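The following paragraphs lead through a protein model, from its overall composition to selected strands and one helix. Please keep the sequence and the coordinates in view while reading.

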Amino acid sequence: METPYGEIPDRFVPNMRPVEMHDYLRRSQTRRSVLKGAGAVGLAAALSPVLWRQSDSFASTPDAPQWIAYGTDPATQMHVSWSTGTATGTRQVPPSPQVRWGKNTRYGAQQAATNSGPVPVPSTVPGEPAENTVYNNTLLVGLHPDSTYHYSVSNDGKTWSADATFRTAVAKTSDFRFTAFGDHGTHSTSTAPMAALVANLRPAFCVVSGDLSYATPLPIPIPQTARFHPEAWDTFLGIIGPSAAQSIPWQVGVGTHEIEPLENHGYDGFLTRFPQPYDLTSGSPVVHTFAYGNVAFIQLDGNDLSAQATQINGYSQGAQTRWLEDKLVTYRRQDSGIDFIVVTFGNCVFSTNQNHGSDGGIRAVWEPLFDRYKVDLVINGHVHAYERTNPMRAGQPTTKVAPGGTVYPARQGTTYICAGGAGQGLYRTWYGTTDSPAGDTGAPTPPKVWQWSDGDGPAGGGGTNLDVTDTAEGFSAYSQPDHRRTRSPTACDEAG
Ligand SMILES: [Fe+2]
């Protein structure tokens with residue numbers, strides 16, 4: 001059995017309680033640290049994701065993953081996507097990919113996929129591209145708001161996948177639940193349970209701040225493909241599709257690991273797999289926004305401004321920030337129909353974790369906008385942990401809100417949540433703690449923030465990025481050690 005922290009032999013798993021698994025992994029990690037040099041190859045093999053495989057015969061019933069996402073109008077439009085074939089082996093092009101849908105299992109409507117193909121690989125990549133999976137998608141329009149639809153997909157127009165359902169967004173204000181997290185991965189013991197948890201919570205939709213399959217590590221210079229493992233996407237989609245994303249709109253943003261050795265600033269794979277209402281006027285191919293009832297969601301690209309992950313820093317040349325302000329102005333108009341604004345992107349504006357920490361490049365540019373337009377909630381990941389700030393204005397908490405308490409953002413400020421614990425191995429180096437669930441010890445170290453050497457000039461990549469000590473007192477409110485020990489950073493935790 002694979003976990004984010006190592007491998008447990010399958011013969012042990014049925015008889016092990018979680019605490020025994022924990023002890024086993026701690027012991028095995030200790031041995032590995034002793035054998036660090038000689039064991040490196042073996043460890044890498046143990047941590048490699050298990051390749052998910054599927055039938056490659058289009059004559060059989062399609063059983064590949066399916067996943068959905070809202071169109072421009074979530075109340076009346078839905079993107080339906082599915083894959084055929086796998087990353088390895090011969091690429092097989094589906095002869096007639098299509099979707100049928102309706103209010104019941106008689107369906108009644110049918111339409112062909114509007115896009116069908118593999119992830120485009122640039123000509124600068126030598127040899128046969130590793131990516132052979134064919135992705136299909138189509139946009140269903142003219143749907144009724146707040147309605148359940150049945151759908152089924154086919155690769156040849158003859159045999160069809162098992163029936164699945166989805167529900168369109170409400171057209172007016174109502175209570176609803178959404179889930180949110182980042183840093184999902186492909187682990188059977190953590191990623192898969194998180195997807196199952198989302199399904200059990202029955203949210204209207206799930207927003208992901210970024211870092212999905214980890215098919216590519218960082219940094220990976222485009223177009224180098226030496227450490228690019230696109231088959232991880234098959235594993236990832238095989239986890240989220242059947243368990244959750246085929247019925248729950250999966251509204252995804254990009255993190256640092258979505259930058260792949262591909263075109264479009266590395267985002268061609270993301271764009272091929274996840275059709276969403278991207279707004280190219282943002283200067284970014286991956287930025288988008290949607291509204292559910294009276295709540296607007298804006299999914300940004302923090303890689304454009306990050307002072308830590310600088311691979312494509314500054315690529316929109318300020319256009320994304322101008323677009324963001326324009327959207328915030330629009331949403332804050334009296335007649336917009338929007339009362340709450342939620343923003344997601346990869347890197348944390350505020351974090352007390354020693355791994356990655358805060359991203360001052362993003363904080364310097366976007367935090368003033370979040371303050372000015374009274375953004376209610378910002379959801380980040382990248383740091384594999386869970387933290388929530390007290391409501392903030394101008395980098396300072398305005399009040400204290402206990403876990404599970406109520407925030408009044410219009411008068412109290414913006415809440416920043418780091419929800420980067422959706423499956424990847426959790427970071428344990430918290431500020432102010434000397435222990436952790438894994439028994440690690442260490443002196444409390446002040447949190448850090450990545451900043452530019454020449455001040456607040458991330459757009460365009462001026463200066464060099466510095467890792468400097470931050471002032472935790474200004475923003476940390478967070479959780480108590482016991483809180484951390486007993487509560488894993490779950491989807492929807494505290495966000496309702
Ligand atoms: Fe991550």
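**Overall composition**

The secondary structure of the protein comprises 9 helices and 24 strands, where helices (H or I, at least four residues) and strands (E, at least two) are DSSP runs numbered from the N terminus. This is a predicted model, in which local features need pLDDT of at least 70 and side-chain atom pairs count only at pLDDT 80 or more, while totals for chains, interfaces and linings use all residues. Residues are numbered from 1 along each chain as its sequence is written.

The mean pLDDT, the predictor's confidence in each residue on a scale from 0 to 100, is 80 for the protein, and 72% of its residues reach 70 or more. Over residues 28-60 the pLDDT is below 50, and the model has 36 contacts for this stretch beyond near neighbours in sequence; two residues are in contact if their C-beta atoms, placed from the backbone, lie within 7 Å. Residues 476-496 likewise have pLDDT under 50, with 44 contacts beyond four places in sequence.

Of the 496 residues, 48% count as buried, that is, 20 or more other C-beta atoms, placed from the backbone, lie within 10 Å of the residue's own. Among contacts between residues at least 6 apart in sequence, 72% join residues at least 24 apart.

**Strand β12 and its neighbours**

In a regular strand the side chains alternate between the two faces of the sheet. In strand β12 (residues 205-208), Phe-205 and Val-207 point one way, Cys-206 and Val-208 point the other way, and all are buried.

Strand β11 (residues 178-181) pairs with β12 in the parallel sense over 4 bridges; pairing requires that DSSP find at least two bridges between two strands. Within this pair, Phe-178 stands opposite Phe-205 of β12. From β11 the chain passes through helix α3 (residues 191-201) to β12 in a right-handed β-α-β crossover: with the strands pointing away from the viewer, the path from the first strand over the helix to the second runs clockwise.

β12 is also joined by 3 bridges to strand β13 (residues 250-252), and these two strands run parallel. Here the bridge partner of Cys-206 is Trp-250 in β13.

**Helix α7**

What span should the 13 residues of helix α7 (residues 360-372) have? The expected value is 18 Å at 1.5 Å a residue, and the end C-alpha atoms are 18 Å apart, which agrees; the expected span is 1.5 Å times one less than the number of residues.

The buried residues of α7 include Gly-360, Ile-362, Trp-366 and Phe-370. After α7 comes Lys-374, whose phi is positive, near 50°.

Terms used. Buried ≥ 20, exposed ≤ 12 C-beta atoms within 10 Å, placed from the backbone.
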